[in-house]
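Here are some notes to read alongside the model, for anyone opening it for the first time. They go from the whole chains down to single residues.

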Amino acid sequence: MTAKLSSTPVGSAAAQPKPGPDPKRPGEAVFRGLATGAGILILVILALVASFLLIQGGPALFADPAKLATQGYGEFVSWVLPFAFGTVWAALLALLIAVPVAIGIALFISHYAPRKLAQPLGYLIDLLAAVPSVVFGLWGSVVLAPAMLPLFTTLNSSLGFIPLFAGQVSGTGRTILTVAVVLATMILPIITSLCREVFLQAPRLHEEAALALGATRWEMIKMAVLPFARPGMIAAVMLGLGRALGETMAVTMVLSGSRNITLELLTSQNPNTIAATIAQNFAEAFGLKTSQLIAAGLVLFLITLAVNSIARWIVARRAQYSGAN
Amino acid sequence: MTALSHAITQGSLTSGRLPKFATPVAAVAGAILGFALAVIFGGGNLGLAVLLAYLIFLVAMEIAARVIEGPRQAADRRARHLIVGAFLLALLPLASVIFEVLSKGMARFDIGFFTQSMRNVVGKGGGAVHAIYGTLYVTGMATLISVPIGLLTAIYLAEYGIRNRLSKAITFFVDVMTGVPSIVAGLFAYALMGLLVGPGTRSGFSGSIALSVLMIPVVVRSSEELLRLVPNELREAAYALGVPKWLTIVKVVLPTAISGLVSGVILAIARVIGETAPLLIAAGFTASLNNNLFANPMMTLPVFVFDSYAHPGTDVQAYWDRAWAGALTLILIVMLLNLIGRLIARRFAPKTR
């Protein structure tokens, strides 16, 4: 009896588990496994996205150009290049319009608007992000395109000597410049909200020091806020670029696109984008044509992947070296 | 500095400054001049008038400020006016979109629109009930797929794999996934179903997979952020009572963050419910109500809007009216979801302190 009594604590001490999962309580192991598995599943999904696009698009990538010419849309690289150009061109134009406006709005909300109004005004801009892309497409083609026409004719007649504005003005207004305006509207809330965040993180003491030295508000922003926020702003712009590159519906519905490389903004001969080309042709495509469209999707995926990775890298580098944390 | 010395010689703190009423006066004068010029030279174009008014205002203020206040103050004023102008400019498309969708969408925003499908409808009449059902099915299924995966991943990132290599990789690739173009997600779902079921398969479930690819990263990001907001004291208290880690997460951490998690999921739904391109590819078109998620194409509301606009029949106006009504419905759904999400987040925010 005594031996038994004394052996119990000894035995339980021996059975005292090392820190780690208890074999009698499988819940921990199961739950941990589930959580880890979900995380790994995400990596798998992303790998699958790339590999399925490769598998299904592969036939077009590696097909004989002659076969592609008869059963597909023609030799792959020369076919996809104008669309890739259109994708990048439209996105860059959109950035050109959106970035100054977005930075202005972000500064307005973070440093100019009355404190009480800042939050509601931010929501107002976020409302733009809540409008689905198909609605922007509808609005862009029905409302915006005709409204842009007078501007286009004026630009063409007064600044037509600049190659950008040269050529025969489109009669519908559905040009790449209209698309760029729609895209700019769509990426505006993304860039704005990210910029707003970094502007608000600017060190308070630097701002107050600048003001105390007699700087005007704009000088304070130039000296204390913008240098601090520059990496964040670059990242925001890159993320906006990534969104603009991948945007489909607005371009599909607004642009009367074709397959050519041109810098003219106002004509009816506009370079189409990859995403819009896929959306417009996918329903009727079959066999090699489907493959070719999927391969084009792969190209788009790689372009956006590169842009986004650069953006994330900039953000990560900033997080490591900035004095904010 | 000239302004300063000027002020000192004048012996007054207010000299060398533009009077307070200068800005509104310049704005009104600019507006009147701008509109007058637009009527005389531009045929009364409203856009031109506003643009001219703004430019006149900018130039007038610049000159006045430069002469009276000096270049530094002038630059400050210029920046302020440009920044306010940028903000007002951004409100323009927002107001225009909302106005147009409301005014054009009301024409067919009636009972028929919500009770009839497009089956055997040519021209007037018909509705979007098949598309609304489809959107609910497809988005619901996407939510069912994304929420467990997204939430568990967030739990892994916030609770288990803190700063290890796998969690860093996951964080990076979740960010990458956020940037996957929506049409690529559609192509992925199409390719996946093509291999699993057979080439050319289009179904509601395929659309759900495409939406999940877009939705998972959003859920992960928002959930992870919220789980990190849960104070560590709560976890430590549970551990001190001998509660295993997984029960701590399920019974303590998740309930604390639940409102934020729910609102994050709702916002994620709002983000994907308006997606068109992936559903165009993966779920396809149909004019009839399809209640089977796993077979045959399924119409969804965004695709309905696109289809009605892009492929109108002979009676174009009837199709376009339906497109605008669909757009109105879609915007209302998205804004409602956003509102609910934000309200939940604000009302039941986790008490971190």
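**Notes on a two-chain model**

1. Before anything else: this is a predicted model. The buried residues of helix 7 of chain B make a good place to start, as they pack against helix 2 (26-61) of chain A as well as helix 6 (129-160) and helix 9 (204-229) of chain B. In other words, that packing takes in elements of both chains.

2. Staying with helix 7 of chain B, which residues are buried? They are Ile170(B), Thr171(B), Val174(B) and Met177(B). Their arc around the axis is only 125°, so they sit on the same side of the helix. For background, an α-helix has 3.6 residues a turn, so residues three or four places apart point the same way. The length of helix 7 of chain B also checks out: its 14 residues (165-178) should span 20 Å at 1.5 Å a residue, and the end C-alpha atoms are indeed 20 Å apart.

3. Now the contact between the chains. On the chain B side 72 residues take part, and on the chain A side 65. Which element of chain B gives the most? That is helix 4 (residues 71-105), with 19 residues. By class, the side of chain B that touches chain A has 55 nonpolar, eleven polar and six charged residues.

4. Chain A has twelve helices and two strands. If you trace the chain, the order is α-α-α-α-α-α-α-α-α-α-β-β-α-α, with ten helices ahead of the two strands and two helices after them. A compact globule of 325 residues would have a radius of gyration near 20 Å, whereas chain A comes out at 28 Å. Its C-alpha atoms fill a box of roughly 105 × 70 × 30 Å along the principal axes.

5. How much of chain A is buried? The share is 47% of its 325 residues. As for contacts in chain A between residues at least 6 apart in sequence, 80% of them join residues at least 24 apart.

6. Chain B has 14 helices and zero strands. Its radius of gyration is 28 Å, well over the 20 Å that the globule rule gives for 353 residues, so chain B is more spread out than a compact globule. The box around its C-alpha atoms is roughly 85 × 70 × 35 Å, again along the principal axes. Buried residues come to 46% of the 353. Among the chain B contacts with a separation of 6 or more, 71% are between residues 24 or more positions apart.

7. The domain assignment splits chain B into domain 1 (2-107) and domain 2 (114-347). How far apart are the C-alpha centres of these two domains? The distance is 43 Å. Five residues from domain 1 and six residues from domain 2 make up the contact between them. On the domain 1 side, that is three nonpolar residues, one polar and one charged.

8. Helix 3 of chain B (residues 46-68) deserves a look too. Its 23 residues should span 33 Å at 1.5 Å a residue, which agrees with the 33 Å between its end C-alpha atoms. The buried residues here are Leu48(B), Leu52(B), Ala53(B), Phe57(B), Met61(B) and Ala65(B). Helix 2 (22-41) and helix 4 of chain B are included in what covers them. After helix 3 of chain B comes Gly70(B), with a positive phi near 100°.

9. A backbone detail to check by eye: Asn296(B) is not a glycine, yet its phi is positive, at about 70°. Where is it? Asn296(B) lies in the loop between helix 12 (277-282) and helix 13 (301-310) of chain B. It has 15 C-beta neighbours inside 10 Å, so it counts as partly exposed; 20 or more would have made it buried.

10. Last one: Glu224(B), in helix 9 of chain B. Is Glu224(B) buried or exposed? It counts as buried, because 24 C-beta neighbours lie inside 10 Å. Apart from neighbours within four places in sequence, Glu224(B) is in contact with Ala154(B), Leu157(B) and Ala158(B). Its C-alpha atom is also separated by 9.3 Å from that of Glu159(B), a residue 65 positions away along the chain.

Conventions:
Residues numbered from 1 in each chain as written. Chains lettered and ligands numbered in written order. Predicted model: local features only at pLDDT ≥ 70, side-chain atom pairs only at ≥ 80, totals over all residues. Helix = DSSP H or I, 4+ residues; strand = E, 2+ residues; numbered from the N terminus. Expected span 1.5 Å × (residues − 1). Buried ≥ 20, exposed ≤ 12 C-beta atoms within 10 Å, placed from the backbone. Arc of directions from axis to C-beta. Contact = placed C-beta atoms within 7 Å. Nonpolar A, V, L, I, M, F, W, Y, C, P; charged D, E, K, R; others polar. Rg over C-alpha atoms; globule rule 2.2 N^0.38 Å. Domains from an automatic or database assignment.
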